[in-house]
Each structure stands twice: as C-alpha cells, then as structure tokens.
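Me: I have a new model open on my screen and would like to learn how to read it. Could you walk me through it, feature by feature?

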Amino acid sequence: MILPQTRLLSSYWSVRLKSVTKLYGLLTGSIRGIACSPQQANEPWITVTPRICLHDVPTTLKAGGLSPHSPVTLSASLIDEKGTEFCSCAHYVTDGAGNVDVRTAESVGGSYEGVFPAGLLTTLSPAPHEFQSHRLFRRDTSLPWKIQVSVLDAHQPPGTKADVMAKVEMERLLMAPGVRRLPVREGRVRGALYLPPGDGPFPGIVDMFGSIGGLMEFRSALLASRGFASLSLAFFDYDDLPSTTENLDLSYFEEAVEVLLAVPEVIPDRCGAVANSRTGDILLSMATLLPAVKAVVGVSCSTIALGSALTYKGKVFKQGLNMDELTLEQTNRGPWVGNLQQYFTTDNPAMIPVEEADEDTHFLLIAGEDDPWGFKHSLAPFRERMLSNNKHNFETILYPGTGHIIEPPYNTLNNQSFHRHLPSKEHLTKGIIFQWGGNAQETCTAQEEFWHRMRTFLMNHVQDESPWYQHYLTQYTPNAPPN
C-alpha cells in the first residue's frame with residue numbers, strides 16, 4: 001500500500017521522468033521513425049529515423065520492399081504558413097535487396113547528386129508552380145515543420161505526386177518541450193524572449209537578423225531548446241519601430257541588453273549577441289561600447305557601418321557607407337548582387353573600432369567563400385585591426401562552397417530570395433530578388449559545424465567565464481521535490 005504522500009511523490013517523479021525522457025529523445029534524435037505503410041513481404045516501405053525531433057537533429061531515410069536494381073525517386077514536400085509549396089527529390093537505384101539507405105546510397109539526379117543524407121531537407125525549394133524566390137523559414141516557431149517524404153516508382157521530376165509507393169511524415173520542431181516564448185514590449189524594446197525549460201540561470205543571448213526587417217525567431221527558438229535564453233530582437237519595420245535603418249540609436253540595443261539581463265532566469269552579469277549581415281555593424285558596436293556584451297558571433301558580418309548613421313548617447317558613433325555608392329549588377333539568372341569588397345579595408349573610417357573592446361570580450365566571425373556580396377573580404381581587415389593592437393580574443397572562419405546565408409543545420413539552402421529593404425536605394429523600395437550564393441552540400445556541412453561551434457563559444461564565454469555564475473555554483477542547492 002502506498003501512503004498518500006508517497007503516492008504524490010511517485011506520481012511527480014513519474015511525470016518528470018516522462019517529460020525528461022521525451023525531451024532527451026527530441027534533443028538527441030533517439031525517438032524512432034515509423035513507416036506509414038505496412039512492412040509486409042514484398043510491399044514497398046519508407047522509414048524516417050527519428051520521425052519527430054528538433055530541427056537541428058540529423059535524419060536517416062531508408063526505403064525497401066522495392067525491385068532490385070530499379071530506378072526510384074525519394075521526394076519531400078511541405079506547405080509553409082503562407083500556403084507556398086516547397087519540394088525536393090533525389091533519383092536512386094535500389095541495391096540488390098531492393099533497398100535505399102541515404103547514408104550510403106548515391107543520388108544520380110534530381111535536386112542533388114552523390115551521397116548526401118540531409119539532401120532532401122536542405123534542397124527544398126519552391127515547387128515548379130510557385131514563385132521561385134520565396135524564402136523558406138518558420139514564422140510561428142510553435143509549429144513544427146511537417147514534411148511528407150515519399151518513395152516513387154522510376155525517376156520523377158520535383159513536385160510529382162503520381163506513382164507513390166510508400167510515404168511517411170516527419171515532424172521537425174523548433175521549440176523543445178517546455179521552451180517558453182514571451183513577447184517583449186519593454187520601454188522601446190520590441191521582440192520575443194525564448195527561455196529553456198526550468199528555472200535557470202541560463203546564458204543570455206541577443207539575436208538579430210539583417211536588413212530583412214521585422215522579427216525572425218527560429219534561431220532563438222532553437223537556441224532556447226539548447227539551453228540559452230535568447231532575445232529575438234527587432235530593430236526596424238516591426239510594431240512601432242522605425243520603418244527604415246537610416247538612423248540607428250545604439251542606446252536601443254543597450255536597453256535590449258538591460259532588459260535581457262533583468263530577467264530572473266538569466267545570468268545577470270554578461271550576455272552574448274548573434275547577428276547576420278547588415279547588423280554586423282550593430283553587433284560589433286555593442287561589443288565595443290557595452291561592457292556586459294562579452295561574446296559576439298557575426299554571420300556574414302559587416303565590419304563597417306553600412307547605410308546607417310550609428311549614434312550613441314546623442315553623438316554620431318559612425319557614419320555609414322552611402323548605399324547609393326554600391327553598384328548592383330544583375331546576374332545571368334536574374335537576381336541582383338552588389339560586391340562590397342572594396343569597402344572592407346582597415347583604413348575605412350566607417351569600420352567599427354573593434355580593437356577598443358574589452359580584453360575579455362570575444363569575437364567569432366564567419367563568412368562563406370561563395371558569398372557574391374564580398375563579406376568574406378571583411379575577415380582579413382578585422383584580423384589585421386585586432387592583431388595590430390595585440391588583440392587575440394577572436395576567431396574567424398571562412399567556409400568553402402557556402403554563400404551569404406548561413407543558418408542552423410538542415411535549414412534549406414537559400415540561394416536567392418525576394419528582399420524588401422536596401423537603405424538609400426529609392427528605386428528598390430518595392431523590393432528586389434537578391435543572389436546569395438552557395439551550394440547545398442557544402443552549406444549543410446558548414447551549418448552543422450558552425451551550429452556546434454557557436455553554441456560552444458557562447459556557452460564558454462557567457463556562462464562558464466561569468467564570475468556571477470561561478471559564485472552561484474558554489475552556493476547552489478538543488479530544489480527538493482514538492483511535498
């Protein structure tokens with residue numbers, strides 16, 4: 001016989017164990033995949049392992065019950081929140097047992113060729129009947145990606161719905177169970193705060209995207225799923241914020257840091273920041289001016305003030321490059337590019353004075369070698385500026401075969417997309433299609449490596465090097481279960 005209090009404790013720990021087990025399965029991918037069609041003798045089947053997982057977990061696809069040495073197509077498709085269909089396909093030839101395992105089998109055509117286990121995910125692109133420059137990203141992070149994966153008879157083109165022999169649906173989550181999203185409207189600050197499960201304290205991150213505007217939250221959702229308190233920060237074209245980036249007050253970003261560090265679940269003495277492209281000048285200015293910002297990660301990051309006047313405490317900190325000086329060229333495929341290489345020099349007065357950052361502020365800057373906008377050329381002047389001032393608190397990485405857009409693992413290759421904003425270019429007010437560069441397989445490899453490197457970098461410099469956190473560990477006593 002179980003006493004009432006014992007029964008309560010037993011129930012409590014049973015629920016906790018189930019919750020932790022589910023979370024562990026999603027984080028590690030140990031939840032197994034299933035086939036949608038019965039695996040009876042001589043019947044085609046397809047499995048996805050894991051079928052349900054976080055989006056940064058690798059997936060294995062296998063198909064079988066097929067004719068030996070026969071042509072088949074593996075296809076993937078999804079519908080985004082706007083109703084746009086994205087699809088991909090790969091042509092395989094089954095082995096002698098009538099099976100295909102994407103870990104070892106070579107695709108001979110379709111959306112990619114060769115051995116590429118993540119190929120169907122990372123080559124998803126607008127279906128043939130859709131506008132081809134749609135960008136695939138999740139706006140509502142509470143919704144998982146639901147991707148239909150099918151095995152089709154013979155070699156078929158992308159988007160084919162006929163001759164389906166077996167299919168399965170995979171679900172890829174941006175938010176782990178227990179992750180919380182809190183809208184932020186504090187003072188001038190606008191955004192969304194993502195908190196991991198539990199009480200913390202968690203390392204805090206300010207997360208910003210580039211000149212796309214609005215609020216992009218998918219990276220913050222995944223960071224929270226991996227143990228970071230991440231503030232997805234809007235800075236223009238959102239809510240009551242300015243509609244352009246002509247003038248940027250760095251005090252706004254200082255206020256955002258203060259809002260983040262005031263959250264009870266967040267380590268209060270320091271934070272990190274992550275930014276892409278256009279917001280590189282903001283990111284590096286934060287590292288230079290704000291003592292609480294101790295680790296910054298720049299992705300295809302501008303090291304010069306770009307198209308904006310950066311002000312701080314009522315004074316101009318940096319006057320940005322006049323974007324009317326940038327020459328845009330249309331590629332043979334139609335999208336436009338503008339190469340910034342000539343502006344990334346150590347003596348450009350618009351360069352952010354990164355050498356003035358505190359000794360214990362660390363930098364991780366990455367770029368893609370195939371970026372047509374020339375951001376890879378920002379790395380050498382940054383290194384030269386730091387080293388000439390005897391600063392060694394930085395890392396720079398150039399990823400081969402990778403373009404301007406570098407995202408969390410298994411996001412699709414974004415080779416081109418419709419872009420709404422470019423400062424000072426009056427004839428582009430209605431938007432334009434930009435080319436971003438990169439190829440699917442090398443971009444996927446870069447995103448896998450970088451996602452792990454970035455998280456390790458941020459955890460080391462925001463959590464492990466925090467004096468407050470180290471003192472907290474000496475005083476910490478685990479909470480007892482409720483009576």
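**Reading the model together**

Reply: Gladly, and a single pair of residues makes a good start: Ala 192 has Ser 232 as its bridge partner in S14. The model is predicted, so local features need pLDDT of at least 70, side-chain atom pairs count only at pLDDT 80 or more, and totals for chains, interfaces and linings use all residues. Residues are numbered from 1 along each chain as its sequence is written, and side-chain values use heavy atoms, with hydrogens and water left out.

Me: What do labels such as S14 stand for, and how many helices and strands are there in the protein?

Reply: Helices (H or I, at least four residues) and strands (E, at least two) are DSSP runs, numbered from the N terminus. The protein has 8 helices and 25 strands.

Me: How do I read the pairing of strands, and which way do S12 and S14 run?

Reply: Strands of a sheet pair through backbone hydrogen bonds, either parallel or antiparallel. Two strands pair if DSSP finds at least two bridges between them. Here strand S12 (residues 189–195) and S14 run antiparallel, joined by 4 bridges. Strand S13 (residues 204–208) also pairs with S14 over 4 bridges, but in the parallel sense. Along S13 and S14 you can pick out Gly 204 opposite Ala 229, and Val 206 with Leu 231 as its bridge partner.

Me: In what order do the strands of that open sheet come?

Reply: The order is S11-S12-S14-S13-S16-S17-S22-S23, which makes an open sheet of 8 strands with mixed pairing. Strand S11 (180–186) and strand S23 (394–399) are the edge strands, each pairing on one side only. On average, neighbouring strands are turned by 15° against each other, direction ignored. Axes are lines fitted to C-alpha atoms, for helices over the stretch in contact, and angles run from 0 to 180 degrees between N-to-C directions.

Me: Are the residues of S14 buried or exposed?

Reply: Buried means under 20% relative accessible area, exposed over 50%, and partly exposed in between (1.4 Å probe, protein chains only). In strand S14 (residues 229–233), 5 of the 5 residues are buried, so the strand is largely enclosed by the rest of the structure. Ala 229, Leu 231 and Leu 233 point one way and Ser 230 and Ser 232 the other, and all are buried. Helix H3 (residues 218–225) is likewise largely enclosed by the rest of the structure, because 8 of its 8 residues are buried. Among them are Arg 219 and Phe 218. Just after H3, Gly 227 takes a positive phi of about 105°. For the whole protein, 57% of the 483 residues count as buried.

Me: How do I describe two packed helices, and at what angle do H4 and H5 cross?

Reply: Two packed helices are described by the angle between their axes and the distance between the axes. The axes of H4 and helix H5 (residues 280–289) come within 10 Å and cross at roughly 70°. H4 and H5 are therefore roughly perpendicular to each other (under 35 degrees counts as roughly parallel, over 145 as roughly antiparallel, 65 to 115 as roughly perpendicular and the rest as oblique). The crossing of H4 and H5 is right-handed (the near helix is turned clockwise from the far one by less than a right angle; anticlockwise would be left-handed).

Me: Which residues make the contact?

Reply: Contact means heavy atoms within 4.5 Å. H4 contributes Leu 250, Phe 253 and Val 257, while H5 contributes Ile 282, Ser 285, Met 286 and Leu 289. These divide into 6 nonpolar, 1 polar and no charged (Ala, Val, Leu, Ile, Met, Phe, Trp, Tyr, Cys and Pro count as nonpolar, Asp, Glu, Lys and Arg as charged, and the others, Gly among them, as polar).

Me: Which strands does H5 lie across?

Reply: H5 lies across S13, strand S16 (271–276), strand S17 (293–299) and strand S22 (362–368), and runs at about 160° to S17.

Me: And where does Thr 123 lie?

Reply: Thr 123 is in the loop between helix H2 (119–122) and strand S8 (125–126). Thr 123 is buried, with a relative accessible area of 12%. Leaving aside residues up to four places away in sequence, Thr 123 touches Cys 87, Ser 88, Ser 111, Tyr 112, Phe 116 and Ala 440. The C-alpha atoms of Thr 123 and Thr 412 are separated by 5.7 Å, although these residues are 289 residues apart along the chain.
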